[in-house]
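This report concerns one molecular structure, shown below with its sequence. Its topics are domains, ligand shell, strand pairing and selected residues.

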Amino acid sequence: MDRREAAVAVTTSLPEPLVAALDELSRVRRLLVALDFDGTLAPEVDSPENARALPAARDAVLRLRATAGTRVALVSGRALRSLIHVAQVPDDVLLVGSHGIELRLDDPAARIALDTAELERVDVLQEVLSQVADTIDDVWLETKPAGFALHTRLATEENSRLAHLVALREATAELDDLTIREGKNVLEFAVRSTTKGEAVEHLRRYTAADAVLFAGDDVTDEDAFAALQPGDLGLKSGPGETLAAFRVPGPPEVAQALAALADFRERPAS
Ligand SMILES: O=P(O)(O)OC[C@H]1O[C@H](O[C@H]2O[C@H](CO)[C@@H](O)[C@H](O)[C@H]2O)[C@H](O)[C@@H](O)[C@@H]1O
């Protein structure tokens with residue numbers, strides 16, 4: 001099967017309006033492909049450090065980054081360090097971690113620096129949330145530079161609800177102005193407030209993109225979908241309310257959509 005036949009095979013399993021929109025999008029000169037990681041490129045797993053992009057998704061990402069005028073970015077809630085570990089992508093893939101707080105653009109050395117007041121707030125958060133994680137079964141705390149994710153994926157429904165309630169109560173009693181986000185089996189607390197929407201806007205300016213594709217699966221990805229403009233393409237992975245114009249069932253179909261976009265983008269200009 002040659003590449004053209006392969007493209008037809010891939011696109012036939014995607015909804016026709018999505019294929020048409022990908023075709024249209026592929027024609028812009030400078031394209032930003034911004035992708036959430038967990039639940040979008042990578043199926044969900046119990047241990048976050050074991051999550052990996054589906055091989056087909058990774059292959060499509062690598063093909064897209066090699067096409068002229070295309071920048072690929074991963075826009076994740078993970079700490080940047082964790083995203084680098086699981087994504088294993090080349091340095092020219094732009095990375096956004098901690099829901100927009102951490103950026104690794106073309107300077108791989110750039111890191112966020114918290115001020116003293118923020119560091120003190122992180123210490124207080126750690127104390128409060130560690131206590132919750134230590135006292136409720138199967139609840140654990142993931143450390144990020146500007147906050148923490150309280151994971152409840154393996155906890156019973158009752159313990160999960162309890163952990164959320166206690167963590168919210170105790171953290172907000174100790175600290176004002178926290179950024180708190182609920183995701184899939186996770187409640188996140190940060191001392192800085194940035195959203196994936198702001199990250200996409202920043203990336204759009206940074207890459208001077210004529211259009212943006214954003215794909216995501218979780219509630220926090222809705223900020224990014226809200227930042228899309230006419231001519232952009234939003235792709236929701238999986239169930240749940242969304243502002244995205246298109247939806248596919250999950251990571252395998254996201255990978256197909258990215259492969260189709262790569263096919264279109266690789267097509268010689270007529
Ligand atoms: O924005 P994302 O790239 O989708 O990251 C969101 C959170 O992903 C990770 O947690 C989620 O995925 C884990 C692995 O599949 C799963 O075990 C957990 O239940 C999910 O909530 C990550 O650990 C978080 O820090 C991210 O914020």
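The report proceeds from the domains to the ligand, the strands and individual residues.

## Basis

The structure is a predicted model, in which local features need pLDDT of at least 70 and side-chain atom pairs count only at pLDDT 80 or more, while totals for chains, interfaces and linings use all residues. Residue numbers start from 1 along each chain as its sequence is written. Helices (H or I, at least four residues) and strands (E, at least two) are DSSP runs, numbered from the N terminus.

## Domains

The domain assignment gives domain 1 (3-111 + 195-266) and domain 2 (116-190); such bounds come from an automatic or database domain assignment. Taken over C-alpha atoms, the centres of domain 1 and domain 2 are separated by 28 Å. Their contact takes 13 residues from domain 1 and 12 residues from domain 2, where two residues are in contact if their C-beta atoms, placed from the backbone, lie within 7 Å. The side of domain 1 that touches domain 2 has four nonpolar, five polar and four charged residues. In this classification Ala, Val, Leu, Ile, Met, Phe, Trp, Tyr, Cys and Pro count as nonpolar, Asp, Glu, Lys and Arg as charged, and the others, Gly among them, as polar.

## Ligand shell

The ligand is surrounded by 22 residues, of which Phe37, Asp38, Pro48, Ser76 and Gly77 are the closest; a residue is near a molecule or strand if its C-beta atom, placed from the backbone, lies within 6 Å of it. By class, this shell has six nonpolar, six polar and 10 charged residues. Domain 1 and domain 2 each contribute at least three residues to the shell. Strand 6 (147-151) and strand 8 (186-190) each supply at least two.

## Strand pairing

Two strands pair if DSSP finds at least two bridges between them. The table lists pairs of strands with their direction and number of bridges.

| Strands | Direction | Bridges |
|---|---|---|
| Strand 1 and strand 2 (residues 70-75) | parallel | five bridges |
| Strand 1 and strand 9 (residues 211-216) | parallel | five bridges |
| Strand 9 and strand 10 | parallel | four bridges |
| Strand 10 and strand 11 (residues 246-248) | parallel | three bridges |
| Strand 7 (residues 179-183) and strand 8 | antiparallel | five bridges |

Leu31 of strand 1 stands opposite Thr70 in strand 2 and opposite Ala211 in strand 9. Strand 1, helix 3 (residues 55-65) and strand 2 make a right-handed β-α-β unit. The crossover is called right-handed if, with the strands pointing away from the viewer, the path from the first strand over the helix to the second runs clockwise.

Strand 1 (residues 31-35) is mostly covered, with five of its five residues buried. A residue is buried if 20 or more other C-beta atoms lie within 10 Å of its own, exposed if 12 or fewer, and partly exposed in between, with C-beta atoms placed from the backbone. On one side of strand 1 the buried residues are Leu31, Val33 and Leu35, and on the other Leu32 and Ala34.

Strand 10 (residues 233-237) is also mostly covered, five of its five residues being buried. Leu233, Leu235 and Ser237 point one way, whereas Gly234 and Lys236 point the other way. Gly234 is the bridge partner of Phe214, and Ser237 stands opposite Val248 in strand 11.

## Individual residues

Gly97 lies in strand 3 (residues 94-97). This residue counts as buried because it has 26 C-beta neighbours inside 10 Å. Discounting residues up to four places away in sequence, Gly97 touches Ser76, Arg78, Ala79, Leu80, Leu83 and Glu102. The C-alpha atoms of Gly97 and Arg78 are separated by 5.4 Å, although the two are 19 residues apart along the chain.

Asp106 is found in the loop between strand 4 (102-104) and helix 5 (116-135). Asp106 is exposed because 10 other C-beta atoms lie within 10 Å.

Most residues other than glycine have a negative phi. Asp177 has a positive phi, near 55 degrees, and is located in the loop between helix 6 (157-174) and strand 7. With 9 other C-beta atoms within 10 Å, Asp177 is exposed.

Asn185 likewise takes a positive phi near 55 degrees, in the hairpin of strand 7 and strand 8, which has two residues between the strands. Asn185 is partly exposed, with 15 other C-beta atoms within 10 Å. In the same hairpin, Gly183 stands opposite Val186 in strand 8.
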